[in-house]
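Please open the model in your viewer and keep the selection tool at hand. The stops below go from one selection to the next, and each says what can be found there.

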Amino acid sequence: MIAPAAPPPALPAPAMTAAPATDPSVAQPATPEPAAAPQATAPQTAPAADPAPAGAADANPALPHELTPLGMFMAADYIVKAVMIGLAFASVVTWSVWLAKTLELLAARRRLMRDLRRVESAHSLEDASDKLQNANSDIASLTNAALDELNRSRDAMNHEGVKERVASLFGRIEAAASRRMTRGTSILATIGSTAPFVGLFGTVWGIMNAFIGISKSQTTNLAVVAPGIAEALLATAMGLVAAIPAVMIYNMFARSIASYRGLLGDGSAELMRMVSRDLNRAELTPRRARAAE
């Protein structure tokens with residue numbers, strides 16, 4: 001018998017080998033990376049301009065050093081300067097008239113009230129004239145004028161004629177007193193009505209120059225535009241400063257003068273009553289003398 005063949009020897013199982021370590025000395029193949037998305041390139045901008053030096057504003061004579069009323073006045077145009085000087089002078093005139101007329105009206109009113117009380121306490125025109133001998137008020141002028149007319153009319157003692165002549169004298173004296181009291185107040189009305197328009201003229205002229213400067217500089221920068229417009233508006237502000245007090249002071253004087261004329265009218269009415277009483281006494285004296293005989 002033939003013996004069976006021996007089985008072939010078993011092959012060894014493949015061993016699990018670890019991944020070979022990467023040797024840093026050996027160049028490894030580069031792994032391709034995904035391509036990045038193309039980015040839009042920004043357009044190139046011009047380099048920023050260097051900031052102006054600190055003394056650049058001072059080197060420009062068209063700009064004031066500071067935006068104060070004095071600085072804007074010094075930097076303004078000659079026409080605008082002339083307008084501002086005129087308005088400042090008008091304001092000085094307004095306050096000068098206010099001071100002078102206030103003192104005049106207070107003194108005249110005080111004299112009038114004092115002499116009016118003296119007239120009211122007198123019994124006759126001659127008595128009132130004696131009490132007002134050293135007075136210099138308008139009541140004293142009325143009393144002296146009435147007494148002088150009575151003395152001149154001794155030979156023509158017609159009651160109506162004498163009263164008419166005395167009333168005419170009183171009217172002229174009162175008109176003269178009114179003109180004296182209103183002297184100087186008309187300039188207040190003129191300043192109050194024209195100062196705003198004069199200031200507006202300066203503003204219009206200044207704004208025109210500001211626009212001309214803007215067109216020449218070819219810029220709308222607020223730092224360049226604002227000073228010229230502010231200088232122009234200063235003229236309007238000065239016009240209002242001159243006009244508003246002038247109108248208020250004029251109205252105050254108008255009321256004060258009307259009150260003074262009313263007091264003077266009371267004095268003239270009292271003197272007219274006194275003249276009428278004196279005429280009646282002069283008429284009754286001969287009758288009493290004849291009755292006594």
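Where do Glu104 and Lys101 sit relative to each other in helix 3? If you select both residues in this predicted model, you will find that they are three residues apart in helix 3 (residues 78-121), and are therefore separated by about one helical turn. Glu104 forms a salt bridge with Lys101, and the closest N and O atoms of the pair lie 2.9 Å apart. When you turn on the surface, compare how the two partners are covered: Lys101 is buried, with a relative accessible area of 5%, whereas Glu104, at 29% relative accessibility, counts as partly exposed.

**The whole chain**

Now zoom out and colour by secondary structure, which shows eight helices and zero strands, so that the order of elements from the N terminus on reads α-α-α-α-α-α-α-α. Of the 293 residues in the chain, 29% are buried, and the chain exposes about 19,900 Å², of which carbon and sulfur atoms supply 63%. If you display contacts between residues at least 6 apart in sequence, 78% of them join residues at least 24 apart.

**Salt bridges in helix 8**

Select Glu270 next, together with Arg273 and Arg277. Glu270 forms a salt bridge with Arg273, where the closest N and O atoms are 2.5 Å apart, and Arg277 forms a salt bridge with Glu270 as well, with a closest N and O distance of 3.9 Å. Glu270 and Arg273 are three residues apart in helix 8 (residues 222-292), which means that about one helical turn separates them. Glu270 is buried, at a relative accessible area of 13%, while Arg273 counts as partly exposed at 44% relative accessibility, and Arg277 likewise counts as partly exposed, at 33%. After these, select Arg114, Asp115 and Arg118, which are joined into one network by salt bridges that share partners. With a side-chain nitrogen of Lys or Arg within 4 Å of a carboxyl oxygen of Asp or Glu as the rule, the count comes to eight salt bridges.

**The nonpolar core**

For the interior, begin by selecting Leu125, Ile139, Leu142 and Val275, the residues with the most contacts inside the largest nonpolar core, which has 48 residues. Helix 3, helix 4 (125-131), helix 5 (138-152), helix 6 (159-182), helix 7 and helix 8 each supply at least two residues of this core, and the largest share, 15 residues, comes from helix 8. What is Leu125 in contact with, leaving aside its neighbours within four places in sequence? Its partners are Thr143, Ala146, Leu147, Leu150, Leu271, Met274, Val275 and Asp278.

**A nonpolar patch on the surface**

For the last stop, return to the surface view and select Ile79, Leu200, Phe201, Val204, Trp205 and Met208, which make a nonpolar surface patch of about 510 Å². Which helix gives the most to this nonpolar patch? Helix 7 (residues 186-217) does, with five residues. Ile79, by contrast, has its place in helix 3, and this residue is partly exposed, with a relative accessible area of 33%. The tour thus ends on the helix where it began, since Glu104 and Lys101 also lie in helix 3.

Note on methods: Residues numbered from 1 in each chain as written. Predicted model: local features only at pLDDT ≥ 70, side-chain atom pairs only at ≥ 80, totals over all residues. Heavy atoms only, no water. Helix = DSSP H or I, 4+ residues; strand = E, 2+ residues; numbered from the N terminus. Buried < 20%, exposed > 50% of the residue type's maximum accessible area, 1.4 Å probe, protein only. Patch = residues over 30% accessible without salt bridge, like charges linked within 9 Å, V, L, I, M, F, W, Y side chains within 5 Å. Areas by Shrake-Rupley, 256 points an atom, 1.4 Å probe, with all protein chains shown as cover. Contact = heavy atoms within 4.5 Å. Core = buried A, V, L, I, M, F, W, Y, C linked by side-chain atoms within 4.5 Å.
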